[in-house]
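Dear colleague,

I am passing on the structure below, together with some notes for a reader who has not met it before. Please look through the sequence and the model first, and then read on.

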Amino acid sequence: RPARDPSCNGRCAGPGRRRGGSPNMSEQKGEPSVKERGNAAFRSGNPQLAAELYTQALELEPTNATLFGNRSAAKLELGDNAGALSDAEQAIAINPTWMKGYHRKAAALARMGDPWGSYTAYCDARAAGCDSPWLVKKIRETRDGLGSAREGAIDSIAALLGRFRALPDPRERFSSLAHFWNLSSREERALQFSRLVSLISGQGGLGPAEEFMAEENMRDLPMENYSDLEPIAPFMDFFRDLDRSQKVEAMETLWHSLGDAEKGLVISDMKAIITGQAEAAAEDEGGEAEAA
């Protein structure tokens, strides 16, 4: 409900006025604000009136994340799941550190039959800096209700992300990334490599990577370190069917989900690719010099 819940702590912006905002005229006069009237309607079991009042309030304060979150809750009660999701996403866009925005999104996705999306929404809240025992509990509850990440078809990059995050073994995540690379054509690998280089440039860099981005240098990654792991079929089926721009998007999305230590290992692998190409180029030059 729109009333305050225990889902936030000091690290997340709480419900109420938008940051930097001021009370409206009715609040200054001591009268109930439109938002407060909406809250009262919701608590009394009238979500239709609550949604209408929140809409009126948003006309006065169109950048108030709390109002979008409250209207999301009202729309969910009315069965308008898509509207509830849209309002929750708007709340997050306005205030990315407000825990309840993610909670509203998770609730809408769960109602729409997307448990993986619901789990991902709570994970996104933690990534945004929200943290509390309540959030940890919600992440655990949604993850436990997912079943195996290896089962069932995947229909979106967001769903892939949810399953990827839920893998209990980090080696499975690295193995999946390596398989995705090997499933890609050399042209697709060059695009993925270029995008990852731009993302990594502020994290230690990759040196003179650009000169080795030619398609002919985008060779398969060795899989010996993952020979004990079977590729996850739904992951592979989904990724294989993506077009080249979608594959770049998927790899970038998965990259952002990795922790710092995991990103460091990916950077090491990419440096190994570059080093291998550099050594091959040096050998070629040496051979040419001997022949001359």
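A convenient place to begin is E172, which has its place in helix α10; please bear in mind throughout that this is a predicted model. The relative accessibility of E172 is 11%, so this residue counts as buried. If its neighbours within four places in sequence are left aside, E172 is in contact with R150, L167 and L229.

For the chain as a whole, the secondary structure comes to 14 helices and 0 strands, and the pattern read along the sequence is accordingly written as α-α-α-α-α-α-α-α-α-α-α-α-α-α. The chain has 292 residues, of which 48% count as buried. Among the contacts in the chain with a separation of 6 or more, 65% are between residues that are 24 or more positions apart.

Next come the helices α4, α5 and α6, taken in pairs.

For α4 and α5, the axes come within 8 Å and cross at roughly 165°. An angle over 145 degrees counts as roughly antiparallel, and α4 and α5 are therefore roughly antiparallel to each other. Their crossing is left-handed. On the α4 side the residues that meet the other helix are A65, F68, G69, R71, S72, K75 and L76, while α5 brings N81, G83, A84, D87, A88, Q90, A91 and I94. Sorted by class, this contact of α4 with α5 has 7 nonpolar, 5 polar and 3 charged residues.

For helix α5 (residues 81-94) and α6, the axes come within 8 Å and cross at roughly 155°, which makes α5 roughly antiparallel to α6. The crossing of α5 and α6 is left-handed. Here the contact is made by N81, A84, L85, A88, E89, A91 and I92 of α5, together with G101, Y102, R104, K105, A108, L109 and R111 of α6. The classes in this contact of α5 with α6 are 8 nonpolar, 2 polar and 4 charged residues.

The remaining pair of these helices is α4 (residues 65-77) and α6 (residues 99-111), whose axes come within 10 Å and cross at roughly 20°. Angles under 35 degrees count as roughly parallel, and α4 and α6 are therefore roughly parallel to each other. In passing α6, helix α4 makes a left-handed crossing. The residues in this contact are G69, S72, A73 and L76 from α4, and R104, A107, A108 and R111 from α6. By class, the contact of α4 with α6 has 4 nonpolar, 2 polar and 2 charged residues.

I also looked at the aromatic rings, where the count comes to 3 aromatic pairs. One of these pairs is formed by Y122 and W134, whose ring centres are 6.2 Å apart and whose planes stand at 75°, so the pair is edge-to-face. Because Y122 lies in helix α7 (residues 115-127) and W134 lies in helix α8 (residues 133-144), the pair ties together parts that are 12 residues apart in sequence. Both Y122 and W134 are buried.

Another aromatic pair is that of F180 and F239, which is stacked, with 4.4 Å from centre to centre and 15° between the planes. F180 lies in helix α10 (residues 170-183) and F239 in helix α12 (residues 233-240), so this pair ties together parts that are 59 residues apart in sequence. F180 is buried, with a relative accessible area of 0%, and F239, at 0% relative accessibility, counts as buried too.

This brings us to α12 itself, where the buried residues are P234, F235, M236, F238 and F239. What covers these buried residues of α12 includes α9 (157-166), α10, α11 (186-200) and α13 (244-257).

A last residue to look at is E249, which is found in helix α13. Is E249 buried or partly exposed? With a relative accessibility of 44%, E249 counts as partly exposed. The C-alpha atoms of E249 and I157 are separated by 8.2 Å, although these residues are 92 residues apart along the chain.

With best regards

Terms used. Residues numbered from 1 in each chain as written. Predicted model: local features only at pLDDT ≥ 70, side-chain atom pairs only at ≥ 80, totals over all residues. Heavy atoms only, no water. Phe/Tyr/Trp six-rings, centres within 6.5 Å; stacked < 30°, edge-to-face > 60°. Helix = DSSP H or I, 4+ residues; strand = E, 2+ residues; numbered from the N terminus. Buried < 20%, exposed > 50% of the residue type's maximum accessible area, 1.4 Å probe, protein only. Axes fitted to C-alpha atoms, helices over the stretch in contact; angles between N-to-C directions. Parallel < 35°, antiparallel > 145°, perpendicular 65-115°, else oblique. Left-handed = near helix turned anticlockwise from the far one by under 90°. Contact = heavy atoms within 4.5 Å. Nonpolar A, V, L, I, M, F, W, Y, C, P; charged D, E, K, R; others polar.
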